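Hi,

Here is the structure I promised to pass on. Could you load it up and have it open while you read the rest?

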Amino acid sequence: MKQRLRLTLLFALLISAGNMVASNHWVGTWGTAPQLVEPNNNPPSPGLANNSLRQIVQVSIGGDTVRLKLTNEFSTGATEIKAVELALAKTAGSSSDIDEASTVSLTFDGKPSVTMAAGGKAISDAVKFPVGERQNVAITIHYGQASSTSVSGHPGSRTTSYLKAGNTTNFSSAVRTDHWYNILALEVEAPEEAGAVAILGNSITDGRGSTTNEQNRWADVLSRRLLANEATRQVGVLNMGIGGNCVLGGGLGPAAVNRYQRDLLGQEGVKWIILFEAVNDLGYTGNGVQTAKRIIDVYKQIIREAHQRGIYVFGGTVTPFKGSSYYSADHEKGRSTINQWIRTTKMLDGIIDFDEAVRNPQDPEAMRREFLFENDWLHLNAKGYETMGGCIDLNLFTMAGPVAADDEADDYGAAIWIEAESLRSGDMGAAFALKDDAAASGGKYLLTANNITAAAPTDKRNTLTATFKADTDDTYYVYGRVLCPTWDDDSYWIGMDGPMNGFANGLQTASWDWKQLYSGYLKAGDHQLSIGGREDGACLDKLCFTTNPEPPMGMGGSSVVSAVTRLTSAAATTLFSLSGQRLSAVPHCMPYIAVSHAADGTVTARKIYAK
């Protein structure tokens, strides 16, 4: 009986172990954010085509089974990979030496070679390759046909790669270059409790000022601390910093607003996100506060999408830059705006106060002098990065509760909000295609399908109409949340209370943003706005009717219709809590109660002040 019990228990354990292996829980242990490599950082002679390249990365968590991801996202032509090998490297990049006995060859769908089409990527088959925590791995790629002028890669590797002519594994006398090409991620098969933190950042995260081949960026410091702490030993760290990157656009590499789904939400096993960008946006802007508010709106968008996936999001305060070329009183106001929001918002799941850790107590707008890299008053040296990585509370990575709030009060002011898709009914607007996008308000938007540039359309199919009530005689503005990628798809025909005798043009934006469609003096009463398709490819998400001359930000306010009842200030204060929502259908400075009736029958009430 005891023997049978032992066999049963052993069988159960084998089944359990088999299920654990079969779960295929992949977690990123190393990764980098790719971009189109700039000409001065392209592969040196002899180039990639028909040659061999050895690149070294240092992983975070360990594992016995791995797979490699390669990218050709930004290349204009195909890249042919004849073979790839992994091996344990003997250094963190200062030499090309490897442990020959550890070498394994990779396959792609069972084949040793793979060709990535322009814009494509490749994922290797899983392979047995034991790698330990913070161990160095050499990735050797043997190229066939490949461009050395249109290359997907990561210029800021801070790690030396080795390029040698021909199909070879002998990298003595190889050409050295401190860049990565085509490699994207290394992932390990890990227990279910393991996860990764993906860091959105610029050159301060990418490691400008750290020591080449010493792996001492602040993200590396964080990784070592996590591994040394028993409660966080299963946390991988993925550095998604790009030098010169911006949140909104205009810097190096794809803007954060466009790459976050790839570099954060698209990472294997990601459970945490750190948002730490903005300094380049502020340095380039002419309006620090306005830019800061737009960045905050992008952060909110990332937080919402991350929370939908159960991912925790932490905010890193922007480090000081007084003394650099980026600094001005206006830019400092922008930095303060972002940092104040990070420290006070209820949307973030945690705060990492890099600003407090590195600023000069006697001059808080500047960093401490001992942290300066090349005296540029912007980037930190290795000592500064050690301080940044050391200031992070590791308890952030052990929380087990729900994610934080998905939104916060919108203080834009009096406005009426209308979802564009709600205007498409029957024949009305039928020529506008209904599309899905998680970044759109309500998850949907309307795409203009036809070019009608000679004259405004007169048919219902190419026309949308929206009605609203003006409460007072005033100048009213209509803003549209639009996405118009090029100058050839950035206009709509517009008419107010009559034929569409004008158009809104110059609406180009690389991401969802609010653009003015109409402004004019209107009498109190009901009005109707007509929108006609003009250039195909224009995307319309939402409308805002307001007397505010400044455009809204983010996704705007709720389009739920509310019944409004006036109360005295005392009664409103006693019965209801301030939500920060604003309505236009009330006189200024009076407290009201907005009663919202949802489709499921739920009734909610909020106190409202209209300014």
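Below is what I found on salt bridges and on one small sheet. Keep in mind that this is a predicted model.

Salt bridges first. There are 25 of them in the structure, and the place I'd start is K69. Which residues does K69 pair with? One partner is E187, with 2.9 Å from N to O. E187 sits in strand β15 (residues 183-189) and K69 in strand β4 (residues 63-71), so this contact ties together parts that are 118 residues apart in sequence. E187 is buried, at 1% relative accessible area. K69 is buried too, with a relative accessibility of 7%; the cut-off for that label is under 20%.

K69 also forms a salt bridge with E268, where the closest N and O atoms are 3.7 Å apart. E268 belongs to the loop between α4 (256-265) and β18 (270-276), so its pairing with K69 in β4 ties together parts 199 residues apart in sequence. Is E268 buried or exposed? Neither label fits: at 27% relative accessibility, E268 counts as partly exposed.

Another one to click on is E374 with R208, a side-chain salt bridge at 3.4 Å, N to O. It links distant parts of the chain, 166 residues apart: E374 is in the loop between β22 (363-367) and α9 (382-390), and R208 is in the loop between α2 (203-206) and α3 (218-228). E374 is exposed, with a relative accessible area of 59%, whereas R208 counts as partly exposed at 33%.

If you like networks, select E332, R335, R343, D353, D355 and R359 together: salt bridges link these residues into one.

Now the sheet. It is an open one made of three strands, in the order β2-β11-β14, with antiparallel pairing. Why do β2 and β14 have a side without a neighbour in the sheet? Both β2 (35-36) and β14 (180-181) stand at the edges with a single partner strand each, so one side of each is left free of a neighbour there. Strand β11 (residues 152-154) pairs with β14 in the antiparallel sense over two bridges. To find that pairing on screen, go to H154, whose bridge partner in β14 is W180.

If you only have a minute, go to K69 and look at its salt bridges with E187 and E268.

Cheers

Notes:
Residues numbered from 1 in each chain as written. Predicted model: local features only at pLDDT ≥ 70, side-chain atom pairs only at ≥ 80, totals over all residues. Heavy atoms only, no water. Pairing = 2+ DSSP bridges. Helix = DSSP H or I, 4+ residues; strand = E, 2+ residues; numbered from the N terminus. Salt bridge = Lys/Arg side-chain N within 4 Å of Asp/Glu carboxyl O. Buried < 20%, exposed > 50% of the residue type's maximum accessible area, 1.4 Å probe, protein only.
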